[in-house]
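I opened the notebook today to look up two things in turn, the annotated sites and the way the chains meet. The entries below follow the order in which I checked them.

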Protein chains: 2
Amino acid sequence: MNTIKLEKEFLTYVNKMQAYDEALGLIFWDLRTGAPKKAVDQRSQVIGTLSSELFDLSTSDEMASFIAGLSSHKEELSEITVKTLEECQQEYERNKKIPAEEFREYVILQSKAESVWEEAREKSDFSLFQPYLEKLVESNRRFVQYWGSEGNPYNTLLDRFEPGVTVEILDRVFAQVREAVVPLVKEIGESPNKPDTSFIFTHFPKQAQKKFSLKMLEEIGYDFEAGRLDEAVHPFATGLNPGDVRVTTRYDENDFRSAIFGTIHECGHALYEQNISEDLIGTPLCSGTSMGIHESQSLFFENFVGRQPAFWSRYYDTLKEHADGQFDHIPLNEFVRSINESKPSLIRVDADELTYTLHIMIRYEIEKGLINGEMKVENLPEIWRSKYQEYLGVTPENDAEGVLQDVHWSGGAFGYFPSYALGYMYAAQFKHAMDKDLPNFDELLSQGNIAPIKDWMITHVHQYGKMKKPLEIIKETTGEGLNAQYLIDYLTEKYTKIYSL
Amino acid sequence: MNTIKLEKEFLTYVNKMQAYDEALGLIFWDLRTGAPKKAVDQRSQVIGTLSSELFDLSTSDEMASFIAGLSSHKEELSEITVKTLEECQQEYERNKKIPAEEFREYVILQSKAESVWEEAREKSDFSLFQPYLEKLVESNRRFVQYWGSEGNPYNTLLDRFEPGVTVEILDRVFAQVREAVVPLVKEIGESPNKPDTSFIFTHFPKQAQKKFSLKMLEEIGYDFEAGRLDEAVHPFATGLNPGDVRVTTRYDENDFRSAIFGTIHECGHALYEQNISEDLIGTPLCSGTSMGIHESQSLFFENFVGRQPAFWSRYYDTLKEHADGQFDHIPLNEFVRSINESKPSLIRVDADELTYTLHIMIRYEIEKGLINGEMKVENLPEIWRSKYQEYLGVTPENDAEGVLQDVHWSGGAFGYFPSYALGYMYAAQFKHAMDKDLPNFDELLSQGNIAPIKDWMITHVHQYGKMKKPLEIIKETTGEGLNAQYLIDYLTEKYTKIYSL
């Protein structure tokens, strides 16, 4: 068959796969926002059917012959087809290299492990989860062998979430960040100039929080004709296609930060997905390029926009108008200090901007140790406690607030955690580059003119989807490789000021 | 292959088809309740992909061999498998008998015709729509030839929506109803005892209507763990599976009837789908058995429950509590008279209980005439006007409020309209049978004890899904075939009283 015809057939085939993916995306959104309780059993069957169809399409003989037929004619293909082909080939090989029987067993193990983890966390009893985690680690170590690895075996797992990022890179940047952040955290703990946060925990009616959240989305540039805001227990954003990118948030009437900063965070994810080039629709490239770059967008808007004094100089009055008198006696500068409070804590998802990366490093070191066979699962509770003491100066009283707190490992997602910390570093590095193009950044915030900031991100990041790898975007946009110094500088300057260090 | 093994494979195959169907159901629900505007283009692709997969599954060689392999061993199969097989076979034959190329052209015609109809209705210009309607009629006449027919050719189309119901039956019952209703409508028009309806059109805040709608759903026995209430421009109920049956309504702040009676109507549909036997989940039997029986449930709850004096003797005070003083000076009996007002009108969807069947008869006569070649599309505006004058004593001023008002024909849905009228007759016939088992029906309503009424419907109708054909249910439940006299008696008694005839 000639290449042009084969290319067309391949794109049609890929388009069909994307249709399954979008249907699944909608089903998951629905389950997490408002599907009735009794829907779940049968809906799981539907998910099972569509997922396994999608898996079959990705590993079919037809896919194999597309890969074989097109790979040797890349010079005749469009750039989009070439990248699409590469994505499909990678997926094909990943899925095919694991023996079918072993993969089936692994899927069952994942699903069991997740429910056992839930129970173990509830009972705060690691020993329940331990045998499952051991099997999950063993499976992933075998998968690494099947898939092959360059350098450290853990690199293979990292590559799934953050293509191009390796243990060598992470060891370097994490050491650098740790060296700067650990003493900073200690200094803050000893500072006598702590913000008063008591007003945060007073009543802010849900409907008013919702109204303000919608206002924030609008101001930041979220396109409501291509999305909607709903509630979810664990907030998320989901891009079904660039014309349908939905955000969710959670309202806590006794802590407004959850909804407000949660919404801005998810808005960052959503702007990324809403602004991917239309040319990529219907291909696997129509999605954020990596977990880390995705997180850089949510964190950029949450922290470098949403927690800035200039931003609140514009919107604090609006916030006051929505609230029930909660902020009336709090001056702007006190408000801004309070929403930027930093304090060592036990739970990752509640951690502040400064201490968050330390939570990630602990998980990174443990994952690396497990995959390389240098740590044993049975020792994790003890390792966890000692690392938290060392990095954060706090020790969990039980496994529920310790090693059992995160869902990730129960699903076998090793290699995912570092993306969260990379997101911070990328965000700070983008901010540094953006300052050259938009030296009036703070002025824009104080005018509520966020469009140029959003447009900068569209130009440099969003539009490309998966057409560029994460480190390619970093290099082209900032002129250098990953550099943790920008995050360190940002945190040091910011917290020195807030705590008058 | 042995029959037991083949039966198992067949049920797995059918289960997969149901998964596609459920995913499509969720996508349609989402599009009609809150999907963002820009989602639509790409979502249509997804619908296209999943629908054509489903179509392929229903007409595959695999399906053909299931039918061939199992049909000759029905005595070894479970009853559910037998009925499932029959459904699949019917679908297979319907789809296979139309030449593939012709079917493809028809799908394109449908989609074009629908958008042309929209434009024609907007411009109130039938001539725009006429050539498309002509082609649709021609196609359906050819389809009838492909499918074959017994007796009147139109029977074949009727059978798609109301299996077992024929022109012979409809001619008889419609004549009977017309003979009773037309003079009744005339008498009402001349009656000096008309209810005052002015209070209906005063302001009832949307949020309060929503609260009362939710209350009604709860009182009637809708299971909120297996459903939810949303807004839609054209309200509907959709059963994704018995654990997920969603209802929608529309709030008009200047006419509360739209939301309240709309909600109760959709609740009737939903009760049906929520209470289908769990044994049928994952088969095509897990759905209402026909359009007419479905409509009997919505109309039963809307009219025989929701418009009854006894019902409002229980809930009128609650309604008053939710409203903004709108009903304070209206006595209960005046309220009940007003919500049962009857008046000849031009638009079917706004028609009242008494005149509704006349709107349906007009459409039935036209469809029958077109399919049998006794009427021409070009004459429809004129035929429409004269029939409306004859049956209802009103004449549309233009095509938009005449022949162009309904969407059905633009989608090629000939044979669907009679189901609406059958729904009324079934409902009245069920009510007559129910009165024997529940002679205290009105007392139950006035106590707000609707459970026994719902349970009666579950026992006789809901649980069976498609395990029984509509006329089988009617026969077994009421001891006789379709009998229009019950509807006539009900309407005559009710309206004689309301208008003091």
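**Annotated binding site**

I began with the UniProt record, an unreviewed entry, which places the feature "binding site" at A:His265, A:His269 and A:Glu295. These positions span 31 residues in sequence, yet no two of their C-alpha atoms are more than 8.8 Å apart, so I note that they gather at one spot. I keep in mind throughout that this is a predicted model.

I then took A:His265 by itself and found it in helix H10 of chain A. Its relative accessibility is 12%, and because the cut-off for buried is under 20%, I enter A:His265 as buried. Setting aside residues up to four places away in sequence, I listed A:Glu295, A:Ser298, A:Leu299 and A:Glu302 as the residues that A:His265 touches.

For A:Glu295 I looked in helix H11 of chain A, residues 291-305, where this residue lies. A:Glu295 also counts as buried, at 11% relative accessibility. Leaving out neighbours within four places in sequence, I recorded contacts of A:Glu295 with A:His265, A:His269, A:Ser419, A:Tyr420 and A:Gly423. Between the side chains of A:Glu295 and A:His265 I found a polar contact of 3.5 Å.

**Annotated active site**

Which residue carries the feature "active site" in the UniProt record? The unreviewed entry places that feature at A:Glu266, and I located A:Glu266 in helix H10 of chain A, which covers residues 257-274.

Is A:Glu266 buried or exposed? With a relative accessible area of 9%, A:Glu266 is buried. Not counting residues up to four places away in sequence, I noted that A:Glu266 touches A:Pro235, A:Phe236, A:Ala237, A:Val247 and A:Thr248.

**How the two copies are related**

I next superposed the chains: chain A can be laid on chain B with an RMSD of 0.0 Å, by a turn of 180° and a shift of 0.0 Å along the axis. The two copies are thus related as by a two-fold rotation axis. In chain A, I looked for the C-alpha nearest that axis and found that of A:Ala23, 3.5 Å from it.

**Where chain A meets chain B**

I counted 36 residues of chain A in contact with 36 residues of chain B. Of the interface residues of chain A, 100% are also interface residues in chain B, so I conclude that the copies meet through the same surface.

The two chains bury about 2,900 Å² between them, with 53% of it on carbon and sulfur atoms. On the chain A side, A:Lys38, A:Gln42 and A:Glu225 lose the most area to chain B, together 19% of what that side buries.

For the charged and polar pairs, I have a count of 12 salt bridges between chain A and chain B. One of them joins the side chains of A:Glu225 and B:Lys37, at 3.7 Å from N to O. I also have 21 residue pairs in polar contact between the two chains, where both residues are at pLDDT 80 or more.

As a last look-up, I asked which elements give two or more residues to the side of chain A that touches chain B, and they are helix H1 (3-33), helix H2 (40-58), strand S2 (237-241) and strand S3 (244-249) of chain A. H1 of chain A gives the most to that side, with 10 residues.

Terms used: Residues numbered from 1 in each chain as written. Chains lettered and ligands numbered in written order. Predicted model: local features only at pLDDT ≥ 70, side-chain atom pairs only at ≥ 80, totals over all residues. Heavy atoms only, no water. UniProt positions renumbered as here; feature names shortened; annotations may be inferred. Helix = DSSP H or I, 4+ residues; strand = E, 2+ residues; numbered from the N terminus. Buried < 20%, exposed > 50% of the residue type's maximum accessible area, 1.4 Å probe, protein only. Contact = heavy atoms within 4.5 Å. Least-squares fit on C-alpha atoms with pLDDT ≥ 70 in both. Buried area = accessible area lost by both parts, 1.4 Å probe. Salt bridge = Lys/Arg side-chain N within 4 Å of Asp/Glu carboxyl O. Polar contact = N/O pair within 3.5 Å; in protein donor to acceptor, adjacent residues only side chain to side chain.
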